[in-house]
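Please take a moment to look over the sequence and the structure shown here before reading on. The paragraphs below are meant to be read with both in view.

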Amino acid sequence: MGFVMKAELSKNDEKDKAAEQKQEVKDKNWPVGDYMIAVLFIAYAVFMFVGAYHFPSRARMGMLTSAKFTPMLLSTLVVILCVVMVIRTRVKFGRLSISGWFHGVMADERMRRSYVLMVMIGVYILLIGIIPFFIINLVFFLVIYFYLKIGTWKRIVLYSVISSAVVSYLVPYVFNLPVP
Amino acid sequence: MNWQILTQEWGLLPAMAWEVMTTPETLLGLLGGGLLGMIGGMLPGISAVMAMTLMLGFVFQLPVDAGMGLLVGIYTGAIYGGSITAVLLNMPGTPAAAATVLDGHAMARNGQSREAVGIATWSSFFGEIGGEIGTFILLPIIATAALMLGDWEIFLVALIGLTLAGALGAKNPIKGWIAAFGGWLVALIGTDPIWGVFRYGYTPNLMRGIEFIPVLIGLFGIAEVLWVLRERVPYALEGTKGRMIAKLSVFKGNMKTVFRSIGVGLGVGIVPGVGESVAPWLAYDLAQRKSKNRDQFGKGIPEGLIAPEVANNATSGGALIPMLVLGLPGSGPTAVMMAALFMYGIRPGPMLIIEYPGFIAKFIFLFWVSAVIFRLVSFVFSKYFIAILSVRRDVILPIAVGLGVIGAWGVGFNTFDVTVMFIFGLVGYFMRLREFPMAPMVLGVMVGATADQFLRRALMTYQDNLLSMFTRPLGLFLILAFIFIVVSQIRNQLKDRKAALQKLEDEAKKKEE
């Protein structure tokens, strides 16, 4: 009996250690997120720069007062700042593993929950204008309150109806706002 | 400028005050407007401008004084309401409250929600009263100063605001500046107002451009919903039962901050298009620089809440004078007020003082009365709005998504703005994961188009002699201020880094021992 308990304890210890190691790998590689955001911002800045390059210049001063001047200047600034940020991250944290970061992100429960929420809000917004506003609100509130486990079914339904009424009727009525 | 005509308003103040106080419609207009504005400010997306615009139809059914009272009430109420959601929900209801989030919400998270709401209330009261007193006394000087501002100076003020917001909103200023300039780039989408060229106009909606309200709701509202609700057990605000705690003793050691912030609000408020958004950041920066508790800023220190709150309310006065005396609206709400005055047949501008003697005095007195009535009302109702905004996050935040949708929809009555809100919500969430600040991006979207326009107009004006642009006295002062801010922020960073390295070394030594 004692032997079985010891074996179980050591198994639990091993699990804890593995979880700790995973957490360490995740924490260590978490700054890879800076690289990812820098890549996205650089891509955005390059897109804006290339787009601006094709704007016509009508001014006598050419480039300086044309519509393309500010977007090109700002895109360049954003790229420079992103490069500085990447270098600083590299110097501060040393070599980082992108795969370690990716596994950490996938294993993180909070990240998974945020993806589910993004999908819920995304679908809700996608259906606005297609399904009547009160109904889409009611469905959204029912689903999200159920996912967030705010209480019993009765409470979920009650809160959903009240929230939908506030969003669909009360606020638009007070401010004389047309709804989608 | 005829100074005698300008100062006549000082003498007419008592008579105008008596007229306002003895007209029940005007007082009711102020009260009703204040309540509507406060509710609007608390709803994500209903900014002061939007609430005022929506009420314009109703305004014209009232006499001039009552109608203007209603608009003044909505304006001041919305700015105050926006600060309350910034404190309790971490979502600034109006752009002016973006800097309030830094210490206001931190105080609420530390279990001081009622104190934070109380400080915000008193600060906005001081800001409004002080700003309007300053405006009234300095009326001729402010009007003259407003005329001295050229395109180049307005651009520099916007640049300073963006740089400051970028540096103050984040631990790492580089991330703040990436956000600020990224936001500014977004603002350039749409039609170029100078040459009429479509910039990134790939679809009809993009030709119109990206409005800042959906961006504000997305970055602060949707991102906050994702951030908080990703936890199985979201945080709860403690100590939220009862009315606000409005202790004046908090201000005893902070009166210098109050007066300084009033000065900043007044001075920067006159800068058209950018003043209202930039002033709170400037005031916050100055308060931090002058404070003995510099390290505590951003962690929930009353000083960090007082400075931006006083400044954002004091800007109303600064923005008002160019509108009334020169016919140049300094901000969105003053533009709506100007439109309302036109519709009543009153023409703001240099002739206003001659054609309607006492009108400016009455207008400013409306702000004072609104400040007093409104804070009394907010004290009575604070018990309820603190209770409503402090309910469980998993119940209230989904409602904020729904209200955000209405706010974004209300901008242009199309689903494009709602989609923009959602996209910026995702952008905000991922930026927040890596500690990028949201406020500089919002500020970039807000002032970006104006800053771009003024920069290129300045370049056109001085195209034959660009050097003379850099030798204008006020411009030179602003350039020096800009350089000082950038250099001091980089120096602070290096200092912090050195201190952190020293701490690590000391810890390692201790471990070895």
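What follows is a walk through a predicted model, beginning with one helix and moving on to the cores and two loop residues.

Helix 4 of chain B, residues 64-89, is a good place to start, because its length can be checked: at 1.5 Å a residue its 26 residues should span 38 Å, and its end C-alpha atoms are 37 Å apart, which agrees. This helix is mostly covered, with 24 of its 26 residues buried.

The largest nonpolar core holds 131 residues, and those touching the most other members are A:Tyr124, A:Ile125, B:Met68, B:Val117, B:Leu324, B:Met337 and B:Phe363. Helix 17 of chain B, residues 359-389, gives the largest share of this core, 15 residues. Domain 1 (2-96) and domain 2 (109-174) of chain A both contribute residues as well, so the core lies between them. If neighbours within four places in sequence are left aside, B:Val117 is in contact with B:Tyr80, B:Ile84, B:Val87, B:Leu88, B:Met244, B:Phe385 and B:Ile386. A second, separate core of 87 residues includes A:Met72, B:Ile189, B:Leu206 and B:Phe424.

Just after helix 4 of chain B comes B:Asn90, with a positive phi of about 65°, and this residue lies in the loop between helix 4 and helix 5 (100-109). Because its relative accessibility is 10%, and buried means under 20%, B:Asn90 counts as buried. B:Glu435 likewise has a positive phi, of about 60°, although it is not a glycine, and it lies in the loop between helix 19 (415-433) and helix 20 (439-461) of chain B. At 47% relative accessibility, however, B:Glu435 counts as partly exposed.

Notes: Residues are numbered from 1 along each chain as its sequence is written. Chains are lettered from A and ligands numbered from 1 in the order in which they are written. This is a predicted model: local features need pLDDT of at least 70, side-chain atom pairs count only at pLDDT 80 or more; totals for chains, interfaces and linings use all residues. Side-chain values use heavy atoms; hydrogens and water are left out. Helices (H or I, at least four residues) and strands (E, at least two) are DSSP runs, numbered from the N terminus. The expected span of a helix is 1.5 Å times one less than its number of residues. Buried means under 20% relative accessible area, exposed over 50%, partly exposed in between (1.4 Å probe, protein chains only). A nonpolar core is a set of buried Ala, Val, Leu, Ile, Met, Phe, Trp, Tyr and Cys residues joined through side-chain atoms within 4.5 Å. Domain bounds come from an automatic or database domain assignment. Contact means heavy atoms within 4.5 Å.
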